[in-house]
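Here's a quick briefing to read with the structure open next to you. Have a look around first, then work through the bullets.

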Amino acid sequence: MPSWVQSPVTAKDLEYIRQTRFWEAVAGGAKTLDSGTVRLLGQPAIWGEYTWKANQAGIDMELHGFDLMFIYDSRLVGISFHNAVMPLNSNETAQQRFERYAPLFQLMISSIDVFNRYEK
């Protein structure tokens, strides 16, 4: 995270991260497809969907990612979902593969909870 994001994290920090497209800095050369704000576990949250290309060990890959960040107990929690398509899988784009797995990602997001949330 950028050095200016310190505990306690606020909804204003989240919005700044979304507007500056932080995930583009993490995934060099990434292009944001969409982003927005939601509430998760009753707390402010942001999301960003993006795509980028990379070369790992001489293998060109097309990647598609989705990041979700939320505040819990004044801390920033981030979850990333990524998939990659390499030349061996060239019959499918990263976008198509992401859309195929999107229902699974949605189920995983809907199952997110944090320890001791109801004890407060």
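**Quick briefing**

Glu92, Arg97 and Arg100 are tied together in a network of salt bridges. Keep in mind that this is a predicted model. Beyond that network, there's a four-stranded open sheet to look at, plus a cluster of aromatic side chains and a nonpolar patch on the surface.

**Salt bridges**

- The structure holds four salt bridges.
- Glu92 pairs with Arg97, with 3.1 Å between the closest N and O atoms.
- Glu92 also meets Arg100 through its side chain, this time at 2.9 Å, N to O.
- How buried or exposed are the three partners? Glu92 has a relative accessible area of 15%, so it's buried.
- Arg97 counts as buried too, because its relative accessibility is 16% and the cut-off for buried is under 20%.
- Arg100 comes in at 47% relative accessibility, so it counts as partly exposed.
- Away from that network, Arg18 forms a salt bridge with Glu15, and their closest N and O atoms are 2.7 Å apart.
- Both Arg18 and Glu15 sit in helix H1 (residues 11–19), three residues apart, or about one turn of the helix.

**The sheet**

- Four strands make up an open sheet, ordered E1-E2-E3-E4, with antiparallel pairing.
- Strand E1 (31–40) and strand E4 (75–85) are the edge strands, each pairing on one side only.
- From one strand to the next, the twist averages 20°.
- How many bridges hold E1 and E2 together? Nine bridges do, in the antiparallel sense.
- For a register check here, find Leu40, which stands opposite Gln43 in E2.
- E3 and E4 also run antiparallel, joined by 11 bridges.
- The register marker for this pair is His64, standing opposite Asn83 in E4.

**Backbone spots with positive phi**

- Leu41 isn't a glycine, yet its phi is positive at about 55°.
- You'll find Leu41 in the loop between E1 and E2.
- With 16% relative accessibility, Leu41 counts as buried, because the cut-off is under 20%.
- The hairpin of E3 and E4 has two residues between the strands, and Asp73 there takes a positive phi near 55°.
- Ser74 is another non-glycine with a positive phi, about 65°.
- Ser74 is located in the loop between E3 and E4.
- Is Ser74 buried or partly exposed? Its relative accessibility is 32%, so it counts as partly exposed.

**Aromatic side chains**

- The structure holds seven aromatic pairs.
- In one of them, the ring centres of Trp47 and Phe66 are 5.8 Å apart and the planes sit at 20°, so the pair is stacked; the cut-off for stacked is under 30 degrees.
- That pair links distant parts of the chain, with Trp47 in strand E2 (residues 43–56), Phe66 in strand E3 (residues 59–72), and 19 residues separating them.
- Trp47 counts as buried because its relative accessibility is 18%.
- Phe66 counts as buried as well, because its relative accessibility is 15%.
- Which residues form the aromatic cluster? Trp47, Phe66, Phe81, Phe98, Tyr101 and Phe105 form one cluster.

**Helix H3 and the surface patch**

- Tyr101, a member of that aromatic cluster, lies in helix H3 (residues 94–110).
- At 34% relative accessibility, Tyr101 falls between the buried and exposed cut-offs, so it's partly exposed.
- Tyr101 also shows up in a nonpolar surface patch with Leu104 and Met108, and together they have about 260 Å² of accessible area.
- Met108 is found in helix H3.
- Met108 has a relative accessible area of 39%, so it's partly exposed.
- How far apart are Met108 and Phe81? They're 27 residues apart in sequence, and their C-alpha atoms are 9.9 Å apart in space.
- Phe81 belongs to the aromatic cluster, while Met108 belongs to the nonpolar patch, and Tyr101 appears in both groups.

Key. Residues are numbered from 1 along each chain as its sequence is written. This is a predicted model: local features need pLDDT of at least 70, side-chain atom pairs count only at pLDDT 80 or more; totals for chains, interfaces and linings use all residues. Side-chain values use heavy atoms; hydrogens and water are left out. Rings of Phe, Tyr and Trp (its six-membered ring) pair if their centres lie within 6.5 Å; planes under 30 degrees apart count as stacked, over 60 as edge-to-face and the rest as tilted. Buried means under 20% relative accessible area, exposed over 50%, partly exposed in between (1.4 Å probe, protein chains only). Patches are made of residues with over 30% relative accessible area and no salt bridge: like charges are joined within 9 Å, nonpolar side chains (Val, Leu, Ile, Met, Phe, Trp, Tyr) within 5 Å. Accessible areas come from the Shrake-Rupley method with a 1.4 Å probe; for residues, only the protein chains shown count as cover. Two strands pair if DSSP finds at least two bridges between them. Axes are lines fitted to C-alpha atoms, for helices over the stretch in contact, and angles run from 0 to 180 degrees between N-to-C directions.
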